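Please open the structure in your viewer and keep the selection tool at hand. The tour below proceeds from one selection to the next.

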Amino acid sequence: MVSVIEERENSFALLTLRQFSARVSDALLTNPCDESTWERVVIDDNDHKFLSSKDEKLGKEASATVAAGDKLSVIEVPSVKTGRNHTKFNILVLRGVYRLPWDLPPMARQQISWCYRLDHRIVLGPNTCSVNTSAIDGNHNEFFSTISCKLYECFTKKLAEIQEDSLNIMGQHQHHLRIDTYPKSIAPIICKYLQHQAVLGMEASSSSLGGNEKLLLAPTSIDENDPFSGPLNFTLSASRAKYIMSVVQVTESEEYVFGIDTNLYYNKFNDLAAREVSVEPIDAQTGLDLKPLAIEQRHAPTSRAYYKLSQVFDDYILQPDFFSFPTVGSAGLDLGSSPGGWTQVLHSKAKLSKVLSIDPGILAQRVDQLEGVTHCRHDFTSQPALEKLASFSPFSFVVCDASTNATEVFSMIISTFDKVHEKLRREEPGCVLLTCPSNVVITIKMPFKTKGSQTRILKRIRDQLPSTIASMMKWSTASVALYKIQHQMANSHNERTIIILFR
């Protein structure tokens, strides 16, 4: 028995680099602003102790990231040899995504080789023989015939929709259909059955294709030795195809997913998306641009690190009703800022009147010249930096992408901020270093790239974070902190981004 199931709305299959599979699936399936996916720390005013989301007293208020469950299937694709290396890919089958793939930031879309919308899933029943895709003869096979029938049905419906909207554009191209399958060996089989479906449809009624005769070649006969011959025009060119049919084998000879969609978003991925990730580097000694920039390039990121913090703003900070911007007059702080990518984000996205950028290294001249930006060329633990921190406070955004060991960066920040906070309280009792609300973003950089060492370091950081965040909360009037450790699209393999929201 063959069962055909309609996929839930907004289901897709996509091919991505294996090292980005978890990041891409997480971005598509989860709502970043769902507070149940964040950990939290709460200060108890009665005994001045803190409770973390792991404490029994908080119960079910804060939970770990929601499991993908039946929303995600992962298919490991055999590695592809590129030069001396073997590139590994995964096919992700995602059902009911929260965010559409073409709405992802370009840093994410460039990791996706292709993406297809899914309409149906077909499953072999328990009493049905498995399909041997490598040994299918010319007999009419129920399994692939059913897939082809459904694909053809979806195709004719889409044509009818176009006809109803008077968008008669299909006749502009001689070739209009492309079929992509995994594995590729089933493509000729699907094409042959599709051609048979088209012939049957023409014989039954000339109106079965919405009256659009331009979709058909004159002959209705099929050359059994050529699976691509027949009424429907197939093309190998993705750019020339108006419609793309896709069929993906999910489990060995038991489950397939398939669908058809227009080619509207086909060019939003891979190398074409990479072109949107613009970076204009600078001379590390002078801070000058390496080449003359046009007026529209003056705000181009100085490095790829820009996109780490930019994603935080796009996914969380700028989302309505999730983070309330503090009152006018607060400042932004970028620790370890050279060459200035994160300072650019604070200036452009947070719309702050002043940004303090601290790093002994050079800052890009075009960043240093931004209105409200002040560059302090010292280590942020130095006395001159402490004086600047005190004079610019309070801060609503504190960010750090310094090239510092993961186990040291927090202790350095806390030690420095404690000194500044004490200085402020001596000068003006009740003075705070951080506004409420405020946001802290820190990149942790692990010294080792092996999976085992990263797991141990991340566990140690996760265990220490609640008490660390609780100690940071004394710098403001906040009583609740939400936090998560995120593997951002622009993070390297051994980097993670910690996002903390104080409320």
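What volume does the second largest pocket have? In this predicted model, the second largest pocket has a volume of about 540 Å³. To find this pocket, select Trp114, Arg178, Asp180, Thr181 and Lys184, which are the closest to its centre among the 21 residues that line it. Next, colour the elements that give two or more residues to this lining: strand S4 (72-82), strand S5 (85-94), S6, strand S7 (177-182) and S8. By kind, the lining residues of the second largest pocket divide into 16 nonpolar, two polar and three charged.

**Strand S7 and its partner**

Now select S7, which gives the most to the lining of the second largest pocket, with five residues. Is S7 largely enclosed or open? Five of its six residues are buried, so S7 is largely enclosed by the rest of the structure. Add S8 to the selection: S7 and S8 pair in the parallel sense, over six bridges. To see one point of this pairing, select Leu177 together with Tyr243, its bridge partner in S8.

**The cavity**

Turn next to the enclosed space. Rolling a probe the size of a water molecule over the atoms shows where empty space is left. The count of cavities of 30 Å³ or more comes to one, and the largest cavity has a volume of about 130 Å³. Select its lining: Phe12, Trp102, Cys115, Tyr116, Arg117, Ile244, Ser246, Asp261, Thr262, Asn263, Tyr265 and Tyr266. Strand S6 (112-124), strand S8 (243-251) and strand S9 (255-262) are the elements that give two or more residues to this lining. Of the elements, S6 gives the most, with three residues. Coloured by kind, the lining of the largest cavity shows seven nonpolar, three polar and two charged residues.

**The nonpolar cores**

Which residues touch the most other members of the largest nonpolar core? Select Leu14, Val24, Leu309, Phe313 and Phe397, which do so among the 51 residues of this core. Helix H6 (residues 306-317) supplies the largest share of the core, seven residues. Centre the view on Phe313: leaving aside residues up to four places away in sequence, Phe313 touches Leu318, Val345, Leu346, Lys349, Ala350 and Phe397. Apart from the largest nonpolar core lies another core, of 48 residues. To end the tour, select some of the residues of that other core, including Cys376, Leu433, Val440 and Ile500.

Conventions: Residues are numbered from 1 along each chain as its sequence is written. This is a predicted model: local features need pLDDT of at least 70, side-chain atom pairs count only at pLDDT 80 or more; totals for chains, interfaces and linings use all residues. Side-chain values use heavy atoms; hydrogens and water are left out. On a 1 Å grid over the protein atoms alone, a cavity is a set of points where a 1.4 Å probe fits but cannot get out, and a pocket is an open set with protein on both sides within 12 Å along at least five of seven lines; lining residues have an atom within 4 Å of a point. Grid points are joined across faces, edges and corners, and a volume is the space filled by probe spheres set on the points. Helices (H or I, at least four residues) and strands (E, at least two) are DSSP runs, numbered from the N terminus. Ala, Val, Leu, Ile, Met, Phe, Trp, Tyr, Cys and Pro count as nonpolar, Asp, Glu, Lys and Arg as charged, and the others, Gly among them, as polar. Buried means under 20% relative accessible area, exposed over 50%, partly exposed in between (1.4 Å probe, protein chains only). Two strands pair if DSSP finds at least two bridges between them. A nonpolar core is a set of buried Ala, Val, Leu, Ile, Met, Phe, Trp, Tyr and Cys residues joined through side-chain atoms within 4.5 Å. Contact means heavy atoms within 4.5 Å.
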